[in-house]
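Here are a few exercises to work through with the model open. Try each task before you read its solution.

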Amino acid sequence: MTTTDADFASHAAVAFAALPLTTGAVDVLDLDAYDGTVASNRLTALLSDVTIGAIAAAGGNLLLHAGAVARPDGATAVLCGASGSGKSTLTAGLVAAGWSYVTDETVCLDPQTLRITPFRRPISLKPGSHEVLGHLRPVPEYAGNWVVPPAVLGGAPLPEQPLLPELLVFPTFRSGARLDITPLSPGEAAFLAGTDSSRLSDTHAPLQALARLARRAPAYRVVHGDLDAAVRGISDLLAAA
Amino acid sequence: MSPDTVLRRRTTIDAVELEDEVLLYDGMFLRRLPATGALIWSLVDGHRPAEEIAAIVAAGRPAHDAGPVITEVLAFLADLLDRTILELAMLDCTTFRRPPDIGWVRDDQTVLLIDVRDGRRRALTPSGGRIWELICEDKSAEHVVAALSEQYPDAPSLPADVETLLAALVQEGWLVRHEAVDA
């Protein structure tokens, strides 16, 4: 086994460990099917399949395409956004600031209680965010997305208390933009969160779940061009929530 | 859609109110109706004509805005109808009456309607003629659909087709709703 293969196997083990408990069903992934000469490419593909499998296993829940970080008391900030909105970078930045890492991909909420099930998979960081997250640079460094295991991300450990949404953030990265935080109405928040959800039709009473979420957690649109400024702004909101 | 069209919410649409907004979900698409849209939605009750809804909304605006507001509300309702979020509310126990100045005659496969006041005429297709005859037998729209469903069991668009024809006949003055005639 080459050094590259060993790294791949190590990261894959971390990825599997991040999966929530299932009912006992066993899924077999054919690692030989992941072709490519660079470990990060194969690992990214594996993580994608793991995520798809986790989403499929979470039927009935409200699944938001979002990152999330938590306070020590379980109050959780949910960072909603489509791919490319910068939520993974923002999540990594907030964890580096001391919040607990919950997920960077899919927030799984019970549609009745809104209790969040963590999905602490390795964060996949696109090349565009490497400069501002240099402390997460893998050794040896490789081209393409950096896949960073939760243990390397840092931050506080997951709270023992149940994780519940207390803040909704809809981030947008715009190069050179000044930090702008705008409150959203519950209707706007529910609509935007629902638009960014996975398999809404499989959620139990999806409209009521979205409304419950929007009534519970104040929501903000955050436009930023600087990660540190965004982290400070969102940290202030979460501290006050 | 004519201004006197009565619309109702489709039962397949799930709706939730969030302060002064409404979220709608049909199992595929999520829609948000803010402020005025939510007010319009709240006024759709299966009995109010579109023009009455528009008048209520316009009453809350400055008088000089009334005309444009009414136009916008009617367009908004027509759009919700096109998107199948709303449907025509004619297929209830609503009955129709032929006004006294409207005559009709069957000519083989065709039914010909005649307005004796001005000689205006309208020919109905064979299926349209059958609908006309059932209506003239004091049948409600609901009973018309039931009767024709027995005759055409494999016609999923039958209720919509009946609604469309009856709405057109009312709009053109060949029929009136039962309540209007009694008044």
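**Exercise 1. How many salt bridges does a search of the whole structure find, and what does the one between A:Arg121 and A:Asp104 tie together?**

Start with the count: over all chains there are 18 salt bridges, a salt bridge being a side-chain nitrogen of Lys or Arg within 4 Å of a carboxyl oxygen of Asp or Glu. Keep in mind that this is a predicted model, where local features need pLDDT of at least 70, side-chain atom pairs count only at pLDDT 80 or more, and totals for chains, interfaces and linings use all residues. Residues are numbered from 1 along each chain as its sequence is written, chains are lettered from A and ligands numbered from 1 in the order in which they are written, and side-chain values use heavy atoms, with hydrogens and water left out.

Next, the pair itself: the closest N and O atoms of A:Arg121 and A:Asp104 are 3.2 Å apart. A:Arg121 sits in the loop between β5 and β6 of chain A and A:Asp104 in the loop between β3 and β4, so the bridge ties together parts 17 residues apart in sequence. (Strands, E, of at least two residues and helices, H or I, of at least four are DSSP runs, numbered from the N terminus.) Both A:Arg121 and A:Asp104 are buried; buried means under 20% relative accessible area, exposed over 50%, and partly exposed in between, with a 1.4 Å probe and protein chains only.

**Exercise 2. Which parts of chain B does the salt bridge between B:Arg10 and B:Glu87 tie together?**

First, the distance: N to O, the two side chains meet at 3.4 Å. Then place the ends: B:Arg10 is in the loop between β1 and β2 of chain B and B:Glu87 is in strand β5, so parts 77 residues apart in sequence are tied together. Finally, look at the accessible area: B:Arg10 is partly exposed at 30%, while B:Glu87 is buried at 18%.

Now do likewise for B:Glu133 and B:Arg106, whose closest N and O atoms are 2.7 Å apart. Here helix α4 of chain B holds B:Glu133 and strand β7 of chain B holds B:Arg106, 27 residues away. B:Glu133 is buried, with a relative accessible area of 16%, and B:Arg106 is partly exposed, at 36%.

**Exercise 3. Which elements supply at least two residues each to the largest nonpolar core?**

A nonpolar core is a set of buried Ala, Val, Leu, Ile, Met, Phe, Trp, Tyr and Cys residues joined through side-chain atoms within 4.5 Å. The largest one has 33 residues, and A:Leu62, A:Leu64 and A:Phe170 are among those touching the most other members. From chain A, β1, β2, β4, β8, α5 and α6 each supply at least two residues, as do β2 and β3 of chain B. The top contributor is α6(A), with 6 residues.

**Exercise 4. In what order do the 3 strands of the open sheet in chain B run, and which helices pack on the sheet?**

The order is β7-β8-β9, with antiparallel pairing; two strands pair if DSSP finds at least two bridges between them. β7 and β9 of chain B each have a single partner strand, so one side of each lacks a neighbour in the sheet. Between β7(B) and β8 of chain B there are 6 bridges. As for helices, α4(B) touches β7, β8 and β9 of chain B, and helix α6 of chain B touches β8 and β9, touching here being contact, or heavy atoms within 4.5 Å.

Technical notes:
Axes fitted to C-alpha atoms, helices over the stretch in contact; angles between N-to-C directions.
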